[in-house]
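Q: I have a structure to go through and I am new to it. Can we take it step by step?

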Amino acid sequence: MIKMRRMTRPDGVCDYCGRCAPCPKGIPISEVMKLIDVVDEPNAASSRELDGYAALPKRADSCVACRQCETRCPRCVSIVSAMRRADRVFGCHVITHLRRPAYDL
């Protein structure tokens, strides 16, 4: 009998497959992961990433670290750690970003 190998490697790198969903708190995990993977430092988030994060229906600060997502992840991604990082990177900026004045061009 030949055993089939898993197509994905458990390497801890998110490929945004969405198998971590659904989050019991409604966080769109793969969307948060896409945004946090683009940003290296807290002050490096561009307006585009801030807009994307601010537009999410639920953000990383809603994470209660239940780890249900991590048990479903085929790549062994530390999702709870990534949610904490996303909250650190985007959290304080998103409030300021949402309050910025809209200018007519």
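What follows is a short chat about this model.

Q: What kind of model is this, and how are residues numbered?
A: This is a predicted model, in which local features need pLDDT of at least 70, side-chain atom pairs count only at pLDDT 80 or more, and totals for chains, interfaces and linings use all residues. Residues are numbered from 1 along each chain as its sequence is written, and side-chain values use heavy atoms, with hydrogens and water left out.

Q: What is the average pLDDT of the protein?
A: The average is 82, and 74% of the residues score at least 70. pLDDT is the predictor's confidence in each residue, from 0 to 100.

Q: Where does pLDDT stay under 50?
A: Over residues 1-8. For that stretch the model has five contacts beyond four places in sequence, a contact being heavy atoms within 4.5 Å.

Q: OK, how many helices and strands are there?
A: The protein has four helices and zero strands, and the pattern along the sequence is α-α-α-α. Helices (H or I, at least four residues) and strands (E, at least two) are DSSP runs, numbered from the N terminus.

Q: Which element has the lowest mean pLDDT, and which the highest?
A: Among the elements, α4 has the lowest mean, 81, and α3 the highest, 96.

Q: What share of the residues is buried?
A: Of the 105 residues in the protein, 33% are buried. Buried means under 20% relative accessible area, exposed over 50%, and partly exposed in between (1.4 Å probe, protein chains only).

Q: And what about the contacts along the chain, how many join residues far apart in sequence?
A: Among contacts with a separation of 6 or more, 73% are between residues 24 or more positions apart.

Q: Which residues touch the most other members of the largest nonpolar core?
A: Ile29, Val32, Met33, Ile79, Met83 and Phe90, in a core of 24 residues. A nonpolar core is a set of buried Ala, Val, Leu, Ile, Met, Phe, Trp, Tyr and Cys residues joined through side-chain atoms within 4.5 Å.

Q: Which elements give two or more residues to this core?
A: Those are α1, α2 and α4. The largest share, six residues, comes from α4.

Q: Back to Ile29. What is it in contact with?
A: Leaving aside neighbours within four places in sequence, Ile29 is in contact with Cys20, Cys23, Cys69, Ile79 and Met83.

Q: Several cysteines there. How many disulfides does the structure hold?
A: Zero. A disulfide is a pair of cysteine sulfur atoms within 2.5 Å. For Cys69, the nearest cysteine sulfur is that of Cys66, 5.9 Å away.

Q: Why is Cys73 not in a bond?
A: Because the closest cysteine sulfur, in Cys17, is 6.3 Å from the sulfur of Cys73, which is too far for a bond.

Q: Are Cys69 and Cys73 buried or exposed?
A: Cys69 is buried, with a relative accessible area of 10%. Cys73 is buried too, at 16% relative accessibility.

Q: New topic. How many aromatic pairs does a search of the whole structure find?
A: One. Tyr53 and Phe90 form that pair, and it is stacked, with 4.6 Å centre to centre and 20° between the planes. Rings of Phe, Tyr and Trp (its six-membered ring) pair if their centres lie within 6.5 Å; planes under 30 degrees apart count as stacked, over 60 as edge-to-face and the rest as tilted.

Q: Where do the two residues sit?
A: Tyr53 is in helix α2 and Phe90 in helix α4, 37 residues apart, so the pair links distant parts of the chain. Tyr53 is buried, with a relative accessible area of 1%, and Phe90 is buried at 0%.

Q: Anything about the backbone? Which residues are joined by a cis peptide bond?
A: Ala21 and Pro22, with omega of about 5°. Pro22 lies in the segment before α1.

Q: What is the phi of Arg67 and of Cys76?
A: Arg67 has a positive phi of about 65° although it is not a glycine. Arg67 lies in the loop between α2 (47-54) and α3 (68-72). Cys76, also not a glycine, has a positive phi near 60°, and is in the loop between α3 and α4 (79-98).

Q: How accessible are they?
A: Arg67 is partly exposed, with a relative accessible area of 38%, while Cys76 counts as exposed at 52%.

Q: Last one: what does Val13 touch?
A: Not counting residues up to four places away in sequence, Val13 touches Arg75 and Val77. Val13 is in the segment before α1 (29-38) and is partly exposed, at 48% relative accessibility.
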